[in-house]
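Student: I'm new to this structure and would like a close look at one part of it. Could you walk me through the nonpolar core and the aromatic rings?

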Amino acid sequence: MNGSGEGAHGVGRWLREAAITGGIAFLLFAPITGVTLSGYTLEGHWQRPLWLAVWVAVGRFLWSWFRARPRPSPALSRLSGAFSLWLDDHRTHLILILLLGAMILPWFIGKYWLNVAILAWIYVLLALGLNIVVGLAGLLDLGFVAFYAVGAYGYALGHQYLGLSFWAALPFGALLAACFGVMLGFPVLRMHGDYLAIVTLGFGEIIRLVINNWMSFTGGPNGVRAPFPSLFGIDFGRRAAPGHVTFHEYFNLPYSNEYRDIFFYFLLLIVVSGMVFLVRRLRRMPLGRNWEALREDEIACRALGIQPVTVKLSAFGLGAMTGGLGGVFFAASQGFVNPTSFTFMESAHILAIVILGGMGSTGGVIAAAVLLTVLPEALRDFAEYRGLLFGCAMVLMMVWRPKGLMGMRRARFRRSGVA
Amino acid sequence: MAALLTVRDLSMRFGGVVALNGVGFEVARGSVTALIGPNGAGKTTVFNCLTGFYRPCGGAMRLSYADGLQVDLIEILGGPFRWRDLSSPRAFGRRLYYKMFGGAALAARAGVVRTFQNIRLFKEMTAMENLLVAQRARVNNQLLAGLLESASYRRAEAEAVERAWYWLDFFRLADDGNRLAGELPYGRQRRLEIARAMCVGPRLLCLDEPAAGLNPNETRELSEWILALRRGHGVTVCLIEHDMGLVMEISDHVVVLDHGQVIASGRPERVRDDPVVLEAYLGAPGEEGW
Amino acid sequence: MSFHIFVQQVVNGLVLGSVYGLIAVGYTMVYGIIGMINFAHGDVYMIAAYLTAIFLAALTLLGVQSPPVIILLVLLLTIAVTALYGWSVERIAYRPLRHSTRLAPLISAIGMSLILQNYVRLSQGGRTQGTPTFLDGSVRLFEQGPDQFVQITHAQILIVVMAVLGMGVLWYLMQATAMGRACRAVQQDRIMASLLGVDGDRVISLVFVLGASMAAVAGTLVTFNYGSFDFFIGFVTGIKAFTAAVLGGIGSLPGAMLGGLVLGLSESIFSGLVNTDYKDVFAFSLLVLVLIFRPSGLLGRPEVEKV
């Protein structure tokens, strides 16, 4: 709390605070975790709230101790300063190495992990899209999953009713999602930040409920099939449709559906790389600067002649478009879509990625997306506690580092030769 | 000198509170005009109307530039629909456009640019970026040109950076170009905000208490800068200020507001000796000066 | 729609509306004071539903028989623990962020909502739970034949009575006590109130506690009436209650109740007239439309932007 109460006195106060916090925690945990409903009677688990309360008390003590410590030592901050300088100098190299690593990865991991990697790239794509909206433009969109759903269903239904191929569905799904984004954004973007959050939340639910209930068009909970993409008319199936060639026949290879996944992986890698390029460019462009300016101070923007509605719409539309693109890929990779993939939890997942990645930082967002997709697969227990950990991560990040772990790297300007 | 800005009968109410009641004044082209008055007199409300943040309940605000361009600031704000609009699709279209996209942004594009009493910089962006954002009209805003870094885009960008450096030098902020605006000391933030306003390319620069919180040295510098802006950059300045020393030194014309009305206006010396003004400030006629 | 069905839907709508109103109070009070949506409020209501079932089962195990005693004890215990949850939400997700960026408290509150949901899911299991109906019995009105009547259950009557009572107590607290005056002062101008010696932090905590208590009343009553719930009920109900708060004019207590009733009635009549599947879509669309066309709500005053 304050730096004055140092030493033994401080420790005593921390202990007292920790004890009080633990006591309150016990009161909170006791009825919910201490007894569980089983039918109309109860089962007791008295050790659970006790342990939880003890952990909370210990956590509280450590927190006080941590906060009372002097600022990070100068050696440490020098080190981190040197590191960020090094990173600045070698950024291009690092990106190339990572890209290379991502390119050779499919040959070293099995089929199962290849599919996990594909999912991870889809989340990277989605998170990059949401990052434009939340991280750069500062608009809290809690219904991002709506655009993801529009993309996925745009492909699946487009295929079913219009016979759209995957390649046609990519621009179609992206544009459709962008249209939805602009349609929602236009009236909504004049709102206060909190209202925007809840309206987007409601919009996301509306989309999901409509998909779920409109049986005759969307198939409701039964879902819709979404076929796998072909490569210049070459199929990846075991047998080709009449008049088509399959991949393994064409290249005289034994059949394996791994080719298909590797092809898809590279396709996604290209799209994600394109997206990373786009976001990095945009941040240095007038549009990207306007997004950030809008996040910082809308009134000042208006005083400088910047029209908030159009700037916000562009962020919202571009974010929605990326979400739609991710949706098309998701539908194709699963071969099937149904409404359960588009719940609020999915929006929360993507938001958690953006927040953990440090709102605005492209590299951080990519790292967080990969981490949060791979971890639940690697650790089964993690999957069970995923929601809880996302929630804790959001709260802790906001309390501890609201601007992200690394902070955003700013463009530096030098004077040109003419003085 | 001809009037750049003519304000007539401006009135503004918030619920039952009358903030402005028939305010009228003129700002001569190339002048420094000060808006003074006790706290709550409605000075900032006048600014908010001028710069399009509030839509006045009545009155007229008109800009007329030396090149003959006339701007009706009220129309820009997007007034309520009138029956007459129905007979004229053009008028209807204009009103609809201004309703959707009008307001402060258009006022700024028309050349009325302001600073704020409580500094409003983009704190998490560098000083340079602050100045670049302000140059919306000059940079190449096309998405594709930017993504492909076309020649015209790069040229526009380089010019914008040059201009930003010019204004940083002008306000002695050259060393702070790449620092975050929020990290600058207070006095520099004030300067940066004026520099940012200048980057928009204003014809009428509205400064809301530019000297608030500055020390006497900084205030003196500020008055030199304001005069230099008017002299060398063709800017007309309209400012709200409580520092009477500054007002007396630099303004050509002073407008005194009290209770939402103009109680006096004229040359600074004349206003200073006006008993009505003294009464407004001190509550009763007295011998104390400012 | 026949007369009886219509009246039945109106009755159901009023009951539903009272519940929305009770929860909306929490949104509206918090928004009035700190200008933010408490995204975890719906989940506080969900916790109250669980607590009700747990306390009900515990009292039954202890052999308490008399319904009025059970209702009173369950209500009091639930309010106490739920209020503590509300207080904790503020302490963890809002207070440390009082001077942070605009987005930070919003995000931490969403995090809090996820924490509460998953915490309940992990400790109580993900399946839908139930309580025995112990308040059966009903009143029939306009009876004209075997299928021609309007039925009001005792639980429904209890809901409306308790909602009115709860709002009455809250209204009294806000208007006639020093505590309420402090709340209203902070709502008007937090800095000025703190200069006059009102502890802003305490008032904000208090508002969270009061809001959670009202959500607790709603949770208890709904559990008595419907008897089934899961860890996710706070989400949809939360958005709807927020809709009610906006509809009535956010920041206004009578507005929250009025908004709740209007939303409950229109939702119920929509279900009767059109379609039950789309009743949530209807409510959410209403939210979007109100925020677009009349963000100040029925009883609120339009906000003047501060420059």
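Tutor: Here is a walk through the nonpolar core, followed by the aromatic rings and the charges over them. This is a predicted model, where local features need pLDDT of at least 70, side-chain atom pairs count only at pLDDT 80 or more, and totals for chains, interfaces and linings use all residues. Residues are numbered from 1 along each chain as its sequence is written, chains are lettered from A and ligands numbered from 1 in the order in which they are written, and side-chain values use heavy atoms, with hydrogens and water left out.

Let's start with the core. A nonpolar core is a set of buried Ala, Val, Leu, Ile, Met, Phe, Trp, Tyr and Cys residues joined through side-chain atoms within 4.5 Å; buried means under 20% relative accessible area, exposed over 50%, partly exposed in between (1.4 Å probe, protein chains only). The largest one here has 280 residues, and Leu140(A), Trp291(A), Phe329(A) and Phe39(C) have the most contacts inside it. Its top contributor is helix α4 of chain A, residues 111-136, which gives 16 residues. (Helices are DSSP runs of H or I, at least four residues, and strands are runs of E, at least two, numbered from the N terminus.) There is also a second, separate core of 34 residues, and Phe47(B) and Tyr98(B) are among its members.

Now zoom in on Phe329(A). Beyond its neighbours within four places in sequence, its contacts (heavy atoms within 4.5 Å) include Ile122(A), Leu125(A), Phe166(A) and Phe264(A). Phe329(A) also belongs to an aromatic cluster with Tyr155(A), Phe166(A), Trp167(A) and Phe264(A).

On to ring pairs. Rings of Phe, Tyr and Trp (its six-membered ring) pair if their centres lie within 6.5 Å; planes under 30 degrees apart count as stacked, over 60 as edge-to-face and the rest as tilted. The count comes to 38 aromatic pairs over all chains. Take Trp121(A) and Tyr265(A), an edge-to-face pair with 6.4 Å centre to centre and 70° between the planes. Trp121(A) lies in helix α4 and Tyr265(A) in helix α10 (residues 258-284), both of chain A, so the pair ties together parts 144 residues apart in sequence. Trp121(A) is buried at 13% relative accessibility, and Tyr265(A) is buried at 0%.

Finally, a charge can sit over a ring: NZ of Lys or CZ of Arg is within 6 Å of the ring centre and within 35 degrees of the ring normal. Arg203(B) has its charged end over the ring of Tyr65(B), 3.8 Å from the centre. In chain C, Arg140(C) lies over the face of Phe149(C), at 3.9 Å from the ring centre.
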